[in-house]
Amino acid sequence: MRCPFCAFDDTQVKDSRPTEDNTSIRRRRQCSSCGARFTTFERIQLREVTIVKSGDRRETFERRKLEQSIALACRKRDISQERIDRLISGIQRQVETTGDSEVPSSKLGEMVMDGLRQLDSVAYIRFASVYRDFSEARDFEEFASSVTEVAEAGKQDD
């Protein structure tokens, strides 16, 4: 593994352990040249998956992009990083185990919407506003009222 500080090609693993959700291995490394320490994460990739976007554009599924989208929706919300990581890992696992090498972006978007709906209503509405391309304040109002109605119905069932 190349050192991110000095670009030296030889680093040593000092410690390895599974992450809390057991979806990756966390490794502490030290550069043999400059002595800097850094952390890497090793994840299982079951298969290469291509996301089919509108207009039949295709791009390789990248966990990093999923992380960025969800992090943006969850920004400044009281949601632990562990819960966010579990959501991301769960969606990635769903994408990789569909059995298909190509997944429509709409299906990926719905997976994210389902996960965020259960995680945090504000993050859910934020993501939906971009995913569903809200163009007016009325779009937010209508969507937020439907989220509120569903949440209230869920409380009555308890």
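Select helix H2 (residues 81-96) in this predicted model and then display its surroundings: the elements that cover the buried residues of H2 include strand E3 (37-43), helix H1 (63-74), strand E6 (102-104) and helix H3 (105-119). The residues of H2 to colour as buried are Ile84, Leu87, Ile88, Ser89, Gly90, Ile91, Gln92, Val95 and Glu96. With H2 still selected, check its length: at 1.5 Å a residue its 16 residues should span 22 Å, and because its end C-alpha atoms are 22 Å apart, the model agrees with that expectation.

Move next to H3, one of the elements that cover H2. H3 is built from 15 residues and reaches 21 Å from its first C-alpha to its last, which is close to the 21 Å expected at 1.5 Å a residue. Its buried residues are Leu108, Gly109, Met111, Val112, Met113, Gly115, Leu116 and Leu119.

Keep H3 visible and add the strands E5, E4 and E6, which form an open sheet of 3 strands in the order E5-E4-E6, with mixed pairing. Strand E5 (58-60) and E6 are the edge strands, each of them pairing on one side only. If you compare strand directions here, neighbouring strands of this sheet are turned by 30° against each other on average, direction ignored. Strand E4 (residues 50-52) pairs with E6 in the parallel sense over 3 bridges, and to see one bridge, select Val52, whose partner in E6 is Pro104. H3 packs on this sheet, where it touches E4 and E6, and its direction makes about 65° with that of E6.

Now turn to the strands that come earlier in the numbering. Select strand E1 (residues 11-18) together with strand E2 (residues 24-31): they run antiparallel and are joined by 7 bridges, and Gln12 has Gln30 in E2 as its bridge partner. Between these two strands the hairpin has 5 residues, and Asn22 in this hairpin takes a positive phi near 60°.

Extend the selection from E2 to E3, since E2 and E3 also pair in the antiparallel sense, over 7 bridges. Arg26 is the residue to pick here, as it stands opposite Phe41 in E3. E2 and E3 form a hairpin with 5 residues between them, and in its turn Gly35 has a positive phi of about 85°. When you inspect the strands, keep in mind that in a regular strand the side chains alternate between the two faces of the sheet.

For a helix pair, hide the strands and show H1 with helix H4 (residues 121-131), whose axes come within 8 Å and cross at roughly 120°. H1 and H4 are therefore oblique to each other, and H1 passes H4 in a right-handed crossing. To view the contact itself, display Ser69, Leu72, Ala73 and Cys74 in H1, which meet Ala123, Arg126 and Phe127 in H4.

The last stop is Tyr131, which has its place in helix H4. Is Tyr131 buried or partly exposed? Tyr131 has a relative accessible area of 29%, and because buried means under 20% and exposed over 50%, Tyr131 is partly exposed. Leaving aside neighbours within four places in sequence, Tyr131 is in contact with Ser105, Ser106, Gly109, Glu110 and Met113. Among these, Met113 is 18 residues from Tyr131 along the chain, and their C-alpha atoms are separated by 8.8 Å. Gly109 and Met113 were already met among the buried residues of H3.

Key:
Residues numbered from 1 in each chain as written. Predicted model: local features only at pLDDT ≥ 70, side-chain atom pairs only at ≥ 80, totals over all residues. Heavy atoms only, no water. Helix = DSSP H or I, 4+ residues; strand = E, 2+ residues; numbered from the N terminus. Expected span 1.5 Å × (residues − 1). Buried < 20%, exposed > 50% of the residue type's maximum accessible area, 1.4 Å probe, protein only. Contact = heavy atoms within 4.5 Å. Pairing = 2+ DSSP bridges. Axes fitted to C-alpha atoms, helices over the stretch in contact; angles between N-to-C directions. Parallel < 35°, antiparallel > 145°, perpendicular 65-115°, else oblique. Left-handed = near helix turned anticlockwise from the far one by under 90°.
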